[in-house]
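Open the model in your viewer and keep the sequence panel beside it. We will go from the whole chain to single residues, one selection at a time.

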Amino acid sequence: MSAQEYFGIRNDLADRLMAGSHQLAGVPEPDRGSVLRAAVEAVPLAADWLRPFPALFAEGDSSASRLAFSCLSAAATFPRAELDQIASLGALTTILFGVDDIADGIAGSWSDRDFAAFFQRLPAILTGGAPPEGAGGPVAELLEAWRQWCERFHRYPGAAEHAPEFAVQLEIAGAAMGRERGWTSGVEAWPSYSGYLANGMITILYHAWWTAALGVCGPLPARAAHWTAIEHATDLGGSCLRLANDIRSFERERAEGKPNSISILERSGLSTAQAVAQVSAHVDELDAAFLKELGELPAELAGVAEGQRRSVAFNGGWYRARDTHAYTVQDLGDDARAHGG
């Protein structure tokens, strides 16, 4: 489908079932003003970095294509971070949205071979490989945006220690996204619910984002063992966000023919409302396990544990209320002013 068709799909059923949800519900009320102000301040910096790459804004308007949401998510995760750190992580989220658009065929149509080659370039560039090649188009644009982002990433004192694991997580994500493409195309049979979730917790790109976040905002001195310590919690957080995202996006993914936890449960005989209720209950179970795991992390990772808690609370609450696109910079500014900004 075209980008216009893709972004035009609304999940009216989710809106009805989640009536009363609020997009800022996951941000503690005393923090909302400062989080919104930080996001407002980070957007121009991230926009300056990403404006040369319109392929990142498949919706067609950079002011309404996730940049405001991306910076808000970063600020909600690390409300006391420096502006440059929030902008860097917001820009990363926007780039990862662009990766997802390529995987879903929204920013052009790519063969499985093209997609695999693209995903091989991401970790190679991160770890100092050759710059992107090609005559142009969305993939070349995205790779150049990625190269420039990686240059900024490597300026953070923790980046060198965490870059190797970041590269590994990108490789894992590429394989998982390739698996999803096989399910969507019909080359592979649809998975079970558990098989889908094991893959989907990776394709939400929470793991990749957090290996980067360790490099940008993690404790110093940076140690590779920090990732090992948070990996299981990250599995649980990624699972929470995958399922919350599924509740928001099942109408769009049904139109794509793409597996989604709701559609998988429907195929087993549940009604849509029953499937949403079951997935919502599963999110609550996973979230309880996630919070318990975070509570057992060592003291030196307290800031990362708090960031993960805030990230899942913010993004999960947002998915219950609305989609991530069509939230403009103007909307962000209006929200900031409404909260004393």
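Among contacts in the chain with a separation of 6 or more, 77% join residues 24 or more positions apart. Keep in mind throughout that this is a predicted model. With the cartoon on, you will find 15 helices and 0 strands in the chain. Colour by accessibility next: of the 341 residues, 57% are buried.

**The nonpolar core**

Now select Leu72, Phe118, Trp146, Trp149 and Phe166 and show their side chains. In the largest nonpolar core, which has 107 residues, these five touch the most other members. Which helix gives this core its largest share? That is helix 5 (residues 83-103), with 11 residues. Zoom in on Phe118 and display what surrounds it. Beyond its neighbours within four places in sequence, Phe118 is in contact with Val99, Ile102, Val139, Leu142 and Leu143.

**Helices 7 and 8**

Select residues 137-153, which form helix 7, together with helix 8. Their axes come within 11 Å and cross at roughly 145 degrees. On the helix 7 side, the contact is made by Trp146, Trp149 and Phe153; helix 8 brings Ala159, Ala163, Phe166 and Leu170. What kinds of residue make up this contact? It has 7 nonpolar residues, with no polar and no charged ones. Three of the names should be familiar, since Trp146, Trp149 and Phe166 were in the core selection above.

Stay with helix 8 and run a distance from its first C-alpha to its last. Helix 8 spans residues 159-185, 27 residues in all, and reaches 37 Å, close to the 39 Å expected at 1.5 Å a residue. Step just past its end to Gly186, where phi is positive, at about 90 degrees.

**Phe97**

Return to helix 5 and pick Phe97, which has its place there. Is Phe97 buried or exposed? Its relative accessibility is 15%, so Phe97 counts as buried. Outside the residues up to four places away in sequence, Phe97 touches Arg66, Phe69, Ser70 and Thr324. Add Ile204 to the selection too: Phe97 and Ile204 are 107 residues apart along the chain, yet their C-alpha atoms are separated by 9.7 Å.

**Thr77**

Next, go to Thr77 in helix 4 (residues 67-77). Thr77 has a relative accessibility of 2% and therefore counts as buried. Where does its side chain reach? Draw a distance to the backbone oxygen of Ser73, and you should read 2.8 Å. Then show the residues that Thr77 touches, setting aside those up to four places away in sequence: Trp209, Trp210, Gly307, Arg310 and Ser311.

**Two loops with backbone features**

Select the loop between helix 9 (193-203) and helix 10, and centre on Leu205. Phi of Leu205 is near 65 degrees, a positive value in a residue other than glycine. Because its relative accessible area is 7%, Leu205 is buried.

For the last stop, follow helix 10 (206-217) into the loop that comes before helix 11 (225-256), where Pro221 has its place. Show the backbone atoms and look at the peptide bond from Leu220 to Pro221. That bond is cis, with omega near 0 degrees.

How values were computed:
Residues are numbered from 1 along each chain as its sequence is written. This is a predicted model: local features need pLDDT of at least 70, side-chain atom pairs count only at pLDDT 80 or more; totals for chains, interfaces and linings use all residues. Side-chain values use heavy atoms; hydrogens and water are left out. Helices (H or I, at least four residues) and strands (E, at least two) are DSSP runs, numbered from the N terminus. Buried means under 20% relative accessible area, exposed over 50%, partly exposed in between (1.4 Å probe, protein chains only). A polar contact is a pair of N or O atoms within 3.5 Å; within protein, one must be able to donate a hydrogen and the other to accept it, and residues adjacent in sequence count only if both atoms are side-chain atoms. Contact means heavy atoms within 4.5 Å. A nonpolar core is a set of buried Ala, Val, Leu, Ile, Met, Phe, Trp, Tyr and Cys residues joined through side-chain atoms within 4.5 Å. The expected span of a helix is 1.5 Å times one less than its number of residues. Axes are lines fitted to C-alpha atoms, for helices over the stretch in contact, and angles run from 0 to 180 degrees between N-to-C directions. Ala, Val, Leu, Ile, Met, Phe, Trp, Tyr, Cys and Pro count as nonpolar, Asp, Glu, Lys and Arg as charged, and the others, Gly among them, as polar.
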